[in-house]
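Here are some short exercises to work through with the model open on your screen. Try each task before you read its solution.

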Amino acid sequence: MTTEPPSSEVQLTPGGRLRHFLAIENLPRSLLTEILDTAAGFVSVGDRSVKNVPLLRGKTSVNLFFEPSTRTRTTFELAAKRLSADVLNMDIAHSATSKGESLLDMLRNLEAMASDLFVVRHADSGAAHFIARHVTPNVAIINAGDGRHAHPTQAMLDMYTIRHYKGGFEGLTVAIVGDVLHSRVARSQINALLTLGAEEVRVIAPRTLLPADVEALGARVFTELEPGLRDADVVMALRLQRERMQSALLPSEGEFYRLYGLNEDRLRHAHPQAIVMHPGPMNRGVEIDSGLADGERSVILHQVTFGIAVRMAVMSMCVSGQESGEV
Amino acid sequence: MQPDAHLLIRKGRVLDPAAGRDEVADVLVENGRLSRIGASLDAPGAELIDAEGLWVLPGLVDGCIRLSEPGGACTGSIASETRAAAAGGITHLGGLPDTDPVMDNAAVVQLVYEQAEKAGFARILPMGALTHQLEGEHLAEMHTLHQAGCVAFTNAGYPTTDALVLKRCLEYAANFDLPVVFRPQEAALTGNGCAHDGRIATHLGLPGVPVDAETVAVARDLELVQATGVRAHFHQISAAASLRLLRDARERGLPVTADVSIHHLLLNEHALEGFNSLCHIQPPLRHDRDRQALLEAVADGTLDVICSQHTPLGSSARLAPLPETRPGISGLDTLLPLLLHLVERGELPLERALDAVTAAPARCLGRPAGRLEPGHAASLCLVDPEPRRIPGEDWLSAGRNSPWLETELPGVVRLTVCEGKVTWLSD
């Protein structure tokens with residue numbers, strides 16, 4: 001039977017260097033650690049008066065966002081500019097694909113403009129993978145979120161944040177709370193945490209927001225919040241989309257908050273030093289209480305800062321992997 | 001148009017599951033009719049074909065294929081696809097009505113008959129739409145469709161959400177003693193799902209189609225079959241849980257038959273790994289437990305028929321991220337090789353496997369085909385079971401959407417005769 005190579009094979013050069021960044025699954029721990037270490041070197045760039053380094057000078061990075069996004073696109077744009085790359089933003093909702101031009105035809109055009117890097121966000125799972133398989137070999141693809149499948153740079157900035165506050169992953173218990181079913185962030189977080197050696201990854205959600213065979217992802221499943229939070233070192237909330245109420249997955253935002261909303265009181269069940277994270281944008285009073293989000297345990301704004309450094313790391317590693325000449 | 005065949009096929013292994021025949025014998029075709037099967041036949045003037053080491057089988061019957069004409073989602077033409085069928089030993093094809101325009105009127109039925117006749121490679125048995133435009137709201141003109149030559153009624157892959165409309169359709173269809181072909185998939189539970197709702201869908205983040213999308217539909221349809229007395233055929237069962245419902249219906253004496261696609265007998269949900277859109281089909285490939293249960297159900301006859309679920313698609317149908325690709329596999333080129341592959345792997349006994357692609361589908365459609373019956377127009381094929389080939393190297397369907405293009409598979413069809421005419425001859 002004709003099979004597709006696993007994403008780990010598509011995104012690595014034969015020598016094991018990153019050439020696309022599509023998903024965390026099956027990437028070796030050493031590579032994830034390399035991303036975190038590389039990012040550490042970039043964190044200080046943002047504190048300088050001249051906030052860029054010339055690593056990607058003369059390169060062109062294209063933001064291909066088939067789904068609306070402000071913050072992810074902005075951080076990718078900042079990351080590219082701090083690496084001295086030229087940045088092109090394609091707002092696809094208002095461009096040719098909505099006029100019937102196929103995804104592939106559009107990609108061919110962008111390749112012809114000698115782009116080096118595509119940062120892709122798409123509503124379909126597998127979109128970044130598809131583009132990586134069909135684009136000319138010297139363009140690096142970075143997945144900025146595909147359907148429910150993966151959002152690997154978000155997961156890596158979360159890992160960076162955890163390592164920053166907890167010193168590492170050994171022995172950590174991490175609880176992920178909320179809409180796991182629709183969350184590309186959760187899938188990538190679980191894969192990254194397990195690869196990096198976290199002790200236990202838990203998912204906490206009502207049955208309607210858990211995917212089939214969720215245990216197969218390697219996480220322990222809780223349908224009640226408090227037992228799930230018990231002694232957790234890291235608590236990560238997921239964004240709850242309002243449309244989940246319309247599709248009969250939940251009765252109301254209020255009931256979700258009463259059962260799964262994070263607040264100071266409930267955090268008492270977690271480890272006393274536990275940190276609280278959220279990939280943004282937050283629904284205050286739905287998945288997380290406003291006071292907790294702005295409180296001492298919250299590292300949410302630091303996630304955003306680290307996000308730029310992590311994206312710089314991934315972009316520079318992918319371009320350098322492409323330039324290594326290994327096919 | 002080919003002249004009527006006049007052939008003496010000598011010393012082949014004649015396999016006719018319907019007659020329980022498995023013996024080395026000669027087969028004589030005179031003026032297009034299968035006149036005799038026996039030892040050391042003599043027929044002056046007949047073309048001699050040395051079939052030593054070859055199998056003589058009834059022409060294969062592929063119960064439900066998507067038609068390429070008129071219009072519709074499928075690529076190619078009736079000529080291109082029936083030619084692929086003939087090269088695969090297939091002589092009769094059940095044609096689904098989801099064409100464009102929809103086969104809910106006599107003109108489309110007529111066109112399909114004529115195009116098949118003109119091409120001269122295989123007989124298409126058209127299935128009329130169960131509802132007007134397949135919209136699930138009004139009855140199709142079933143009497144007209146029956147008169148035009150339809151062999152069954154079906155709403156193909158389109159939902160019949162309104163149970164009252166469906167019940168009326170079945171009551172009305174029961175007047176014509178033609179089977180109704182169900183493609184059980186509850187629309188609301190299917191949603192935009194494109195993979196089995198299990199481990200792989202969860203890993204890949206693909207919207208899932210749960211098993212209950214099928215079982216809920218099968219259970220409802222069976223109750224309405226019981227209420228209306230219509231003959232029912234279930235097309236493309238994919239889940240082990242549906243088999244329990246089918247067995248129970250049989251025990252209750254309901255006139256129910258069922259098929260499974262060859263792909264569901266060979267592949268499971270893991271085939272989608274790496275976003276392999278070549279294995280994106282509906283209903284989706286399920287858990288390996290389901291696959292094994294489906295094989296057992298073919299062996300014990302709960303599933304009567306194996307089909308190719310032939311859906312030839314143009315290359316642009318696949319050039320998109322998996323959820324945006326059109327589901328379906330082009331199956332005519334590989335039905336027989338994959339079947340032999342299953343037998344070779346010891347997963348299915350030869351006799352039952354052959355029955356499931358010859359006499360059984362003909363029986364489900366109420367047609368006198370799929371048998372080597374002296375006195376009738378000859379429909380047969382001559383197969384060399386030994387040589388292995390790569391299907392993609394001499395692929396004939398206009399749709400190259402198949403995960404099997406590069407897989408070495410057993411069996412080559414040397415000769416196909418459909419209703420007395422030679423439709424395929426290879427060296």
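**Exercise 1: A strand pair**

Task: In this predicted model, find how many bridges join strand β8 to strand β9 of chain B, and in which direction the two run.

Solution: Start with residues 123–129 of chain B, which form β8, and then go to residues 152–154, which form β9. Between these two strands there are 3 bridges, and the strands run parallel. For one concrete pair, pick B:Met127, whose bridge partner in β9(B) is B:Ala152.

**Exercise 2: The sheet around that pair**

Task: Work out the strand order of the open sheet of 8 strands in chain B, then name its edge strands.

Solution: Reading across the sheet of chain B, the order is β6-β7-β8-β9-β10-β13-β14-β15, and the pairing is parallel. Now look for strands that pair on one side only: these are β6 (60–65) and β15 (305–307) of chain B. Going from one strand to the next, the twist averages 30 degrees.

**Exercise 3: The chain as a whole**

Task: Decide whether the radius of gyration of chain B agrees or disagrees with that of a compact globule.

Solution: First take stock of the chain: chain B holds 13 helices and 18 strands. Next, consider the expected value. A compact globule of 427 residues would have a radius of gyration near 22 Å, and because chain B has 21 Å, the two agree. Along the principal axes, the C-alpha atoms of chain B fill a box of roughly 65 × 45 × 40 Å. As for burial, 59% of the 427 residues in chain B are buried, which here takes 20 or more other C-beta atoms within 10 Å of the residue's own. Finally, turn to contacts in chain B between residues at least 6 apart in sequence: 75% of them join residues at least 24 apart.

**Exercise 4: Where two domains meet**

Task: Locate the two domains of chain B, and find which strand gives the most to the side of domain 1 that touches domain 2.

Solution: Begin with the bounds: domain 1 of chain B covers 7–56 + 376–425, while domain 2 covers 60–364. Their C-alpha centres lie 26 Å apart. The contact takes 28 residues from domain 1 of chain B and 42 residues from domain 2 of chain B. On the domain 1 side, β16 (380–389), β17 (409–418) and β18 (421–425) of chain B each supply at least two residues. The strand you want is β17(B), which gives the most, with 6 residues. To finish, sort this side of domain 1 of chain B by class: 17 residues are nonpolar, 8 polar and 3 charged.

Note on methods
Residues are numbered from 1 along each chain as its sequence is written. Chains are lettered from A and ligands numbered from 1 in the order in which they are written. This is a predicted model: local features need pLDDT of at least 70, side-chain atom pairs count only at pLDDT 80 or more; totals for chains, interfaces and linings use all residues. Two strands pair if DSSP finds at least two bridges between them. Helices (H or I, at least four residues) and strands (E, at least two) are DSSP runs, numbered from the N terminus. Axes are lines fitted to C-alpha atoms, for helices over the stretch in contact, and angles run from 0 to 180 degrees between N-to-C directions. The radius of gyration is taken over C-alpha atoms; the globule rule is 2.2 Å times the number of residues to the power 0.38. A residue is buried if 20 or more other C-beta atoms lie within 10 Å of its own, exposed if 12 or fewer, and partly exposed in between; C-beta atoms are placed from the backbone. Two residues are in contact if their C-beta atoms, placed from the backbone, lie within 7 Å. Domain bounds come from an automatic or database domain assignment. Ala, Val, Leu, Ile, Met, Phe, Trp, Tyr, Cys and Pro count as nonpolar, Asp, Glu, Lys and Arg as charged, and the others, Gly among them, as polar.
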